[in-house]
Amino acid sequence: MLRQKDVTGLYELSAEEIDEILCVAAEMKQKLRSGVKNLPDLTGRAVTTLFYENSTRTRCSFELAAKYLGAHVVNISAASSSVQKGETLVDTGKTLDAMRNDFIIIRHPMGGAPKLLGKTVKAHVINGGDGMNEHPTQALLDMLTMRETFGAVKGLKVAILGDIRHSRVAKSNLFGLKKLGAEVSVFAPRTLIPADFDKMGAKVCASREEAVDGADVVMGLRIQLERQHGGLFPSLGEYAKFYGVNEEVIKYAKPNAIVMHPGPVNRGVELTCSLIDGASSRIEDQVLSGVAVRMSVLKLLNDQEARA
């Protein structure tokens, strides 16, 4: 059972809690594949998505997850809310609490915003991505996809290539994968790797080939042009040529290696189109894993409250 009221990051979850989320998510994913989309777990509960940044996959999958579990769902975009009138995050949270919301799913450009919100509301808070900090449910869905493919996460070698510096996905994956016993190697231009990333448990490699060598999973990360100011690499074409994953680079991975990406993909930049659309790609399957993982987190938080 989840021990905390909120899920704001994998740094704070134990290996046992992560495993429980993945086990329940696997059950949810099987039900979704069977066409079951009317479960009663959240009947009568209210879920609000509060997004201060644009999103397609995360927001839609959280909304569908809540609806598939029977909840009432409301979407709030900061661009069309009282935030534009100067309302603070804390006051927004208090307003949603007063409306008897049971869950608030937040995406925010400031790292730590979900944790701040969680301290000020009674509702369960789930982090849908905060700045360059964490994106816990994305990492969980990635691990669910890996576990479904290989049977376990322990012992896997996972290569992550792309914009590590700005990636909350990379950080959450590193925290979660290490806790479950996987090895993580990363590669990117030095300008796109935090100075202390190796101290967090990742192996920082000197080349694409070194990172991918013997990998079970090769994960590309989106080049986040909207977060970059100052020319951290020359051009997208040069990035693709010297840092992207192509058919020659993937040969260094294991023969049964899978290709992953949190999306949206800059086609031909982080990964070539043939890898994105190839037989080893799990990118579309990650999307279904996302709905299942978010169903699992909502259910477990709700069960925690029921047992209290």
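Q: Which residues are in contact with I164, leaving aside its neighbours within four places in sequence?
A: This is a predicted model, in which local features need pLDDT of at least 70, side-chain atom pairs count only at pLDDT 80 or more, and totals for chains, interfaces and linings use all residues. Residues are numbered from 1 along each chain as its sequence is written, and side-chain values use heavy atoms, with hydrogens and water left out. Contact means heavy atoms within 4.5 Å. On that basis the partners of I164 are A170, K171, V186, A188, L192, I193, P194, F197 and L221.

Q: Which members of the largest nonpolar core touch the most other members?
A: A nonpolar core is a set of buried Ala, Val, Leu, Ile, Met, Phe, Trp, Tyr and Cys residues joined through side-chain atoms within 4.5 Å; buried means under 20% relative accessible area (1.4 Å probe, protein chains only). The largest core has 65 residues, and those touching the most other members are L140, M143, I164 and M295.

Q: Which helix supplies the largest share of this core?
A: Helices are DSSP runs of H or I with at least four residues, and strands are runs of E with at least two, numbered from the N terminus. The largest share is eight residues, from residues 283-307, which form helix 11.

Q: Which strands stand at the edges of the open sheet?
A: Two strands pair if DSSP finds at least two bridges between them. Five strands run in the order 7-6-5-8-9 with parallel pairing. One side of each edge strand is left without a neighbour because each has a single partner, and these are strand 7 (203-204) and strand 9 (258-260).

Definitions and conventions. Buried < 20%, exposed > 50% of the residue type's maximum accessible area, 1.4 Å probe, protein only.
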